[in-house]
Amino acid sequence: MPRLAIGIEYDGTRFCGWQRQDRGASIQTAVEEAFSRVADEPVKIGAAGRTDAGVHATGQVAHFDTRARRDSRSWLLGANSNLAPDVSVSWVQDVPAEFNARYSAVARTYHYLILNRPVRSALNRDRAWWIHGDLDLAAMQAAAPLVLGEHDFSAFRGAQCQARTPIRDLQRLELRRSGRFIVVECRANAFLHHMVRNIVGSLVHIGRGEAPPEWLGSVLQGRDRRAAGITAVASGLYLTRGHYPAEFGIPVPEQFRPDDL
């Protein structure tokens with residue numbers, strides 16, 4: 001049976017998350033229903049990342065199998081015509097049968113947006129974490145390298161995490177300013193539940209001057225979630241890319257830019 005890969009972007013504000021649930025609207029349900037109408041048969045879709053309620057995506061990757069024969073343009077236009085404005089399919093392409101959006105990914109990248117200005121934003125209220133006090137970006141940047149590499153990330157693991165192991169390889173953690181935003185870029189082979197949001201909450205703790213940069217390394221080594229910072233709000237988190245071996249030909253998304261949102 002032919003297998004298709006798709007790229008999806010969405011505003012997660014009104015959804016209970018990616019994964020289909022008994023209560024609440026999920027992105028998975030919306031996308032499955034849209035493609036099922038185009039295929040004229042039920043389809044089941046698997047994704048690179050099971051984002052939580054309120055989390056957004058600009059580069060979610062998913063796949064599904066179908067007996068239906070359509071060209072890429074028909075799949076794309078047909079699916080988007082059946083989706084609400086806050087979910088959009090970016091591309092559709094054929095992939096080998098062994099491709100799996102979740103298990104073929106060698107890494108995933110998330111971006112987190114902090115709106116750092118004195119007054120709240122009406123337009124960005126569901127798109128970023130508003131911090132009104134000045135944050136010391138240099139201190140936050142100094143802390144970031146202390147958690148890079150392969151470690152036990154229990155200190156940044158959510159209580160409901162079901163992963164079999166807390167060991168993850170954090171390959172990139174970089175912070176930069178973009179206007180009034182602080183952008184946190186985070187790439188790893190995989191992530192624990194709330195891992196990015198808990199790391200960001202701890203970085204903000206440092207940025208507020210409540211702990212020195214080296215504190216982040218000691219929290220990591222202590223493996224105690226209670227010692228870390230708060231969990232950053234879901235609305236600032238974006239799944240921006242799934243990284244795959246070149247042979248699958250998965251499109252590389254455009255660079256994440258807050259001004260484009």
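A contact means heavy atoms within 4.5 Å. The exercises below concern a predicted model, in which local features need pLDDT of at least 70, side-chain atom pairs count only at pLDDT 80 or more, and totals for chains, interfaces and linings use all residues. Residues are numbered from 1 along each chain as its sequence is written, and side-chain values use heavy atoms, with hydrogens and water left out.

**Exercise 1. Overall fold**

State what share of the contacts with a separation of 6 or more comes from residues 24 or more positions apart, and describe the chain as a whole.

Solution. Step one: residues 24 or more positions apart supply 70% of the contacts with a separation of 6 or more.

Step two: the chain has 5 helices and 10 strands, where helices (H or I, at least four residues) and strands (E, at least two) are DSSP runs numbered from the N terminus. The radius of gyration is 19 Å, close to the 18 Å from the globule rule for 261 residues, so the chain is as compact as a globular protein of that length. This radius is taken over C-alpha atoms, and the rule is 2.2 Å times the number of residues to the power 0.38. Along the principal axes, the C-alpha trace spans about 60 × 40 × 35 Å.

Step three: of the 261 residues, 53% are buried. Buried means under 20% relative accessible area, exposed over 50%, and partly exposed in between (1.4 Å probe, protein chains only).

**Exercise 2. A salt bridge between distant parts of the chain**

Determine where Arg14 and Asp86 lie, and whether each is buried, partly exposed or exposed.

Solution. Step one: a salt bridge is a side-chain nitrogen of Lys or Arg within 4 Å of a carboxyl oxygen of Asp or Glu. The structure holds 10 of them, one of which joins Arg14 to Asp86, with the closest N and O atoms 2.5 Å apart. The pair links distant parts of the chain: Arg14 belongs to the loop between β1 (3-10) and α1 (27-39), and Asp86 to the loop between α2 (72-81) and β4 (87-95), 72 residues apart.

Step two: Arg14 is partly exposed at a relative accessible area of 48%, whereas Asp86 is buried at 19%.

Step three: side chains of opposite charge can pair when their charged atoms come close.

**Exercise 3. Two further salt bridges**

Give the N to O distance for Asp126 with Arg125 and for Glu174 with Arg172, and classify the four residues by accessibility.

Solution. Step one: Asp126 and Arg125 meet in a salt bridge at 4.0 Å, N to O. Asp126 is partly exposed, with 30% relative accessibility, and Arg125 is exposed, with 58%.

Step two: Glu174 pairs with Arg172, the closest N and O atoms being 3.0 Å apart. Both partners are partly exposed, Glu174 at 39% relative accessibility and Arg172 at 26%. Salt bridges that share partners join Arg172, Glu174 and Glu185 into one network.

**Exercise 4. Positive phi values**

Locate His194 and Arg223, and state the phi value of each.

Solution. Step one: most residues other than glycine have a negative phi.

Step two: His194 has a positive phi, near 65°. His194 lies in the loop between β9 (181-188) and α4 (195-207) and is partly exposed, at 23% relative accessibility.

Step three: the phi of Arg223 is also positive, near 60°. Arg223 sits in the loop between α5 (214-222) and β10 (237-243) and is exposed, with a relative accessible area of 52%.
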